[in-house]
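Dear colleague,

I am passing on the structure we spoke about, with notes on what was found in it. Please read the notes with the coordinates open beside you.

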Amino acid sequence: MIMPERIKHEPLDSKDAKRPKAEIHLIKDQCKGCGYCIEFCPKKVFEESTEINARGVHPPKVVDEDKCILCDFCTTVCPDFAVFVVERKDSEDKKT
Amino acid sequence: MTQQTLEHPYSKYLRQGMIPHIWCPGCGNGVVLNAFVHAVDELQLDLDKLVVVSGIGCIGRIAGYTNTDSFHTTHGRALAFASGVKLANPELEVVVVSGDGDLFAIGGNHFIHAARRNMGIKVICANNFNYGMTGGQQGPTTPLDSVTTTSPYGNIEHPFNLVHLAAASGAVYVARWTTLHVRRLTQSIKKALQKKGFCFIEAISACPEIYGRYNNMRSGLEIMEWFKRASVVESFSDPAKAEITPDRIAVGEFVDVEKLSYEKLLHEKISKINEKAMEQVG
Amino acid sequence: MTGKRALLSGVHFLNGDVACAEGAIAAGCRFFGGYPITPATEIAEHLSQRMPEFGGIYIQMEDEIASMAAVIGASYSGLKAMTATSGPGFSLMQENIGLAVMTETPCVVVDIMRGGPSTGQPTLPGQQDVMQAKWGSHGDYGIVALSPSSVQEMFDLTIEAFNLAETYRLPVLLMGDEIVAHMWERVVIPAPDKIKTVNRKKPTVSRDEYLPFKPDEDLVPPMACFGEGYRFHATGLTHDEHGFPKTSSSEVQAKLVRRLCEKIGRNADKIIRVEEVMLDDAEVVVVAYGIVARAALSAVRKARAAGINAGLLRLVTLWPFPEKHVAKVARKVKAIVVPEMNCGQLVREVERAAKETPVYFISKLGEDPHTPMEILEVIRRNC
């Protein structure tokens with residue numbers, strides 16, 4: 001299906017849109033180093049860190065928390081409940 | 001990035017002190033648990049009325065991790081046990097979470113009959129293509145030519161097409177997703193929890209330490225890559241054509257129908273007979 | 001759903017299977033999961049008709065393994081549950097009987113013994129499963145098994161079985177035989193206030209303090225059921241008081257397994273029932289159970305008429321084995337005679353308890369139990 005032209009235009013109120021900001025929490029010692037969050041985050045927010053956690057693996061580290069779009073994929077795909085994302089309460093951000 | 005000061009939002013669904021669980025890094029069972037708990041959270045189910053029944057296998061340990069009434073049965077008998085639970089107290093939401101071998105080899109008979117009766121039990125099958133807990137033997141869903149510890153020269157048995165089996169046995173809701181499709185898996189579990197009758201969800205699950213290692217997919221990531229490459233969403237296509245091959249894993253919702261559940265029919269019948277019996281007694 | 005239609009108080013002419021089914025109803029059984037098998041089918045058929053009359057649940061499962069599993073499930077959901085089978089089904093149920101023992105599930109399993117082994121003689125009696133009742137499932141555990149000798153006892157002992165199951169939190173076995181199950185006799189079903197039923201101990205502590213497998217003084221833990229908010233876990237794996245698997249601890253294994261044995265062993269005196277007939281001055285005693293005890297009673301009476309001081313010790317409880325009763329009798333008599341419809345099962349326990357006193361075993365296989373004359377002959381030879 002070909003994308004209709006009108007959808008490609010920027011919405012009129014785009015300058016007033018508020019994008020929620022994310023707060024990413026890592027329970028580092030619970031991570032077993034499977035790499036799912038790093039690999040499958042659509043915005044590539046994570047990267048393998050160099051530190052070693054209590055389990056002897058490299059947990060992820062957040063590269064840029066601002067890129068997170070709160071899709072919740074990492075929260076649900078993590079087999080060990082070692083990462084979760086919540087909306088930052090004071091989030092007020094104008095879309096650029 | 002913030003330091004961890006908050007508790008994980010789903011920690012209230014998990015038994016504290018039991019997490020971290022015993023499953024390997026990248027194990028699909030962890031993802032199944034996560035999706036299940038996610039679905040329960042979205043529905044805000046009454047945890048006092050939820051009963052999780054599991055069979056024997058790595059996935060069998062899941063009953064010990066959920067913060068609900070739970071029971072870990074003998075190998076293959078989870079569905080028969082769950083039938084007794086549901087009939088004795090139809091208000092309970094009974095969920096059976098078990099593995100491919102437990103549900104379809106030793107438990108095969110109980111599966112087809114529970115489905116046939118349309119018992120109001122929700123079944124989540126974590127299908128990782130082998131018997132993981134005991135070291136990686138072949139099972140009823142092991143793909144042809146796969147190497148396992150009891151098929152060292154390659155598996156010569158055709159595997160089950162679980163979606164077809166469940167549909168043919170009479171399940172009212174049948175879905176298959178992989179542990180990569182976490183959102184859709186969660187939605188399917190939600191749908192099943194709200195539906196009356198026998199619901200079956202096959203969660204194709206990664207077993208990196210054993211099945212993956214024997215079959216050229218040494219890490220969870222490689223298995224998930226396979227899921228990504230081979231999955232095609234074919235909702236409501238013919239379940240008979242939904243076999244899993246190295247090149248094609250058909251996922252989606254295959255069956256979603258309405259049919260009177262066993263416990264509804266049973267309790268209706270009991271009320272009718274009870275009325276009659278009361279009349280006779282006077 | 002009142003008890004009005006449930007209990008059929010009065011005098012009836014019933015067969016053993018039906019009496020057993022009515023006994024279950026009188027005891028408060030509200031779940032039956034079974035599978036047809038001669039000679040226990042009538043129990044299932046009768047309950048399929050009766051259960052809906054007062055809101056009980058009957059389900060025919062796909063096999064005996066599923067039947068036992070469903071019974072455990074229903075019991076954990078709070079109902080008194082039962083299944084009934086014969087030899088081949090009893091063998092199939094063993095793994096789940098073990099699960100019921102391990103998870104301390106109150107329930108009743110009726111085994112109407114027939115000719116074995118394997119498919120054997122479905123329509124003819126036997127007593128070949130009595131050792132299996134004790135040792136049938138793998139692992140070490142204590143079990144309770146009762147043996148009815150009349151149709152009235154099929155009714156009474158079923159109630160007793162439920163009461164024992166609820167008191168001690170385990171599967172109780174009712175070992176009938178094809179003759180007692182299929183014969184017709186007069187049965188008195190008492191009025192509701194004359195029937196004593198026991199319900200399982202419930203927890204008295206709050207949800208946060210409840211430990212599902214922490215025993216009380218009597219070695220029996222109070223039992224919560226699904227849906228009551230206790231959110232406990234039960235498993236067939238070796239577990240600690242919290243109910244969680246502890247598969248690497250020798251200490252936990254020893255504690256749990258010994259308690260499962262002691263639960264019955266220590267309470268044996270309260271559980272065991274026997275019937276003593278003319279034992280005071282007896283010189284030869286017949287130890288028998290089930291249908292054979294009827295012939296034994298007749299033989300003992302004939303012996304007395306012929307001037308022989310004979311007596312009968314009828315075992316109502318087969319397990320825990322009434323060894324104290326047998327030992328007491330053995331100390332006073334010249335000989336013990338044990339007739340059984342098998343090749344020698346409970347007689348081994350009798351020999352063990354009787355020590356030096358000679359024990360004479362009479363084996364009978366096939367459609368008829370021992371005749372009184374056959375037993376009398378052996379009494380005569382050894383008095």
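In chain C, helix 12 (residues 346–354) lies across strand 12, strand 15 (335–340) and strand 16, and runs at about 165° to strand 15. Lying across is judged by contacts, two residues being in contact if their C-beta atoms, placed from the backbone, lie within 7 Å. Helices (H or I, at least four residues) and strands (E, at least two) are DSSP runs, numbered from the N terminus, while axes are lines fitted to C-alpha atoms, for helices over the stretch in contact, with angles from 0 to 180 degrees between N-to-C directions.

Before going further, please note that this is a predicted model, in which local features need pLDDT of at least 70 and side-chain atom pairs count only at pLDDT 80 or more, whereas totals for chains, interfaces and linings use all residues. Residues are numbered from 1 along each chain as its sequence is written, and chains are lettered from A and ligands numbered from 1 in the order in which they are written.

The strands just named belong to an open sheet of five strands in chain C, ordered 11-13-12-15-16 and of mixed pairing, where two strands pair if DSSP finds at least two bridges between them. Strand 11 (274–277) and strand 16 (359–363) of chain C each have a single partner strand and stand at the edges, so one side of each is left without a neighbour in the sheet. Direction ignored, neighbouring strands of this sheet are turned by 20° against each other on average. Within the sheet, strand 12 (residues 284–288) and strand 13 (residues 310–315) of chain C run parallel and are joined by five bridges, and Val287(C) has Leu313(C) as its bridge partner in strand 13.

Turning to the contact between chains C and B, 42 residues come from chain C and 38 residues from chain B. Helix 3 of chain C gives the most to the side of chain C that touches chain B, with nine residues. The residues of that side of chain C comprise 24 nonpolar, eleven polar and seven charged; Ala, Val, Leu, Ile, Met, Phe, Trp, Tyr, Cys and Pro count as nonpolar, Asp, Glu, Lys and Arg as charged, and the others, Gly among them, as polar. Strand 2 (residues 69–72) of chain B also pairs with strand 10 of chain C, in the parallel sense and over three bridges, with His72(B) opposite Thr235(C).

Finally, chain A has two helices and four strands, which run β-α-β-β-α-β from the N terminus on.

With best regards
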